[in-house]
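Me: I would like to go through a structure step by step, with questions from me and reasoned replies from you. Please look at it first.

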Amino acid sequence: MNLQQLIKERRSIASYQDKQVSIELIKDLLDIAIWVPNHKITEPWRFVFIQGDAKKKLAEINKQITLSISNVETDDALKIIGNNAYKKIMEIPFIFFVINRLHPQEKLREEDYAATSCVIQNFNLLAWEQGLSAFWKSGKLAFCEETAELIGLQENERIVGQIQVGYPAKSQSPIPRESAKERITIIN
């Protein structure tokens, strides 16, 4: 698969096969993904893999968040919603967080965030090339106090994304994009 095809065909598919994802493969892909433009080579990223009991704790956090925002009032319905939220996390083959150290200089802080985002995009492309779907999540679960505590987030860090990885259980066609040519302004 060439790079153009890879960029256009990559999808974020959250429906996974019941197939384990190798931790070594994830490590290898991250080792390649970090080769991004990074001003001053600050390399501000770190990665937290969620497995075993930590995954159960994350699933419980997801359950509590889901229940807290639910409009359902019956006990039976709440139980179903909570169990589904828990199960949703437990069925993800591999989960990790991408964390960005906050540089004291605002200019570098923003450049570091952009570079870390590029790491995630590189990872997603590399994963797709290996037949994996990587889903970059940035919802409430990735940004709550309980998750921060679980992953050991420091005061001088922020989460850039929760990455869910697995072998896709379905295919998905690319959604057409408006051509970049339609969004170009030329100033003479």
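The exchange below deals with a predicted model, going from its sheet to its helices and then to single residues.

Me: In what order do the strands of the open sheet lie, and which strands are at its edges?

Reply: The model is predicted, and in it 4 strands form an open sheet with antiparallel pairing. An edge strand pairs on one side only, and this is the case for β1, residues 45–50, and for β3, residues 133–137. Neighbouring strands of the sheet are turned by 25° against each other on average, direction ignored. The order is β1-β2-β4-β3, with β1 and β3 as the edge strands.

Me: How many bridges join β3 to β4, and which residue does Trp136 stand opposite?

Reply: Strands of a sheet pair through backbone hydrogen bonds, and they may do so in parallel or antiparallel fashion. Here β3 and β4, the latter covering residues 157–166, run antiparallel. The number of bridges joining β3 to β4 is 5, and the residue of β4 that stands opposite Trp136 is Ile163.

Me: Which strands does helix α5 lie across, and at about what angle does it run to β4?

Reply: Helix α2, residues 23–33, lies across β1, β2 and β4, and runs at about 170° to β1. Helix α5, residues 106–129, lies across β1, β2, β3 and β4, and its angle to β4 is about 5°.

Me: Is α2 parallel, antiparallel, perpendicular or oblique to α5?

Reply: Two packed helices are described by the angle between their axes and by the distance between those axes. For α2 and α5 the angle is about 130°, and the axes are 8 Å apart; the crossing is right-handed. In the contact between them, Ile26, Leu29, Leu30, Ile32 and Ala33 of α2 meet Val119, Asn122, Phe123, Leu126 and Ala127 of α5. Because roughly antiparallel begins over 145 degrees and roughly perpendicular covers 65 to 115, the angle of about 130° makes α2, relative to α5, oblique.

Me: Is Thr147 buried or exposed, and which backbone oxygen does its side chain reach?

Reply: Thr147 lies in helix α6, which spans residues 145–151. Its contacts, leaving aside neighbours within four places in sequence, are with Leu58, Ile61, Phe97, Leu141, Ala142 and Ile159. Because buried means under 20% relative accessible area, Thr147 at 0% counts as buried. The backbone oxygen that its side chain reaches, at 2.6 Å, is that of Leu141.

Me: What is phi of Lys40, and what is phi of Glu43?

Reply: Most residues other than glycine have a negative phi. Lys40 and Glu43 both lie in the loop between α2 and β1, and each has a positive phi although it is a residue other than glycine. Lys40 is exposed, with a relative accessible area of 61%, whereas Glu43, at 41%, counts as partly exposed. Phi of Lys40 is near 65°, and phi of Glu43 is near 40°.

Me: Is Ser171 buried or exposed, and what separation do the C-alpha atoms of Ser171 and Arg11 have?

Reply: Ser171 is found in the segment after β4. Its relative accessible area is 70%, and because exposed means over 50%, Ser171 is exposed. Along the chain Ser171 and Arg11 are 160 residues apart, while the separation of their C-alpha atoms is 8.6 Å.

Technical notes: Residues are numbered from 1 along each chain as its sequence is written. This is a predicted model: local features need pLDDT of at least 70, side-chain atom pairs count only at pLDDT 80 or more; totals for chains, interfaces and linings use all residues. Side-chain values use heavy atoms; hydrogens and water are left out. Helices (H or I, at least four residues) and strands (E, at least two) are DSSP runs, numbered from the N terminus. Buried means under 20% relative accessible area, exposed over 50%, partly exposed in between (1.4 Å probe, protein chains only). A polar contact is a pair of N or O atoms within 3.5 Å; within protein, one must be able to donate a hydrogen and the other to accept it, and residues adjacent in sequence count only if both atoms are side-chain atoms. Contact means heavy atoms within 4.5 Å. Two strands pair if DSSP finds at least two bridges between them. Axes are lines fitted to C-alpha atoms, for helices over the stretch in contact, and angles run from 0 to 180 degrees between N-to-C directions. Angles under 35 degrees count as roughly parallel, over 145 as roughly antiparallel, 65 to 115 as roughly perpendicular and the rest as oblique. A crossing is left-handed if the near helix is turned anticlockwise from the far one by less than a right angle, and right-handed if clockwise.
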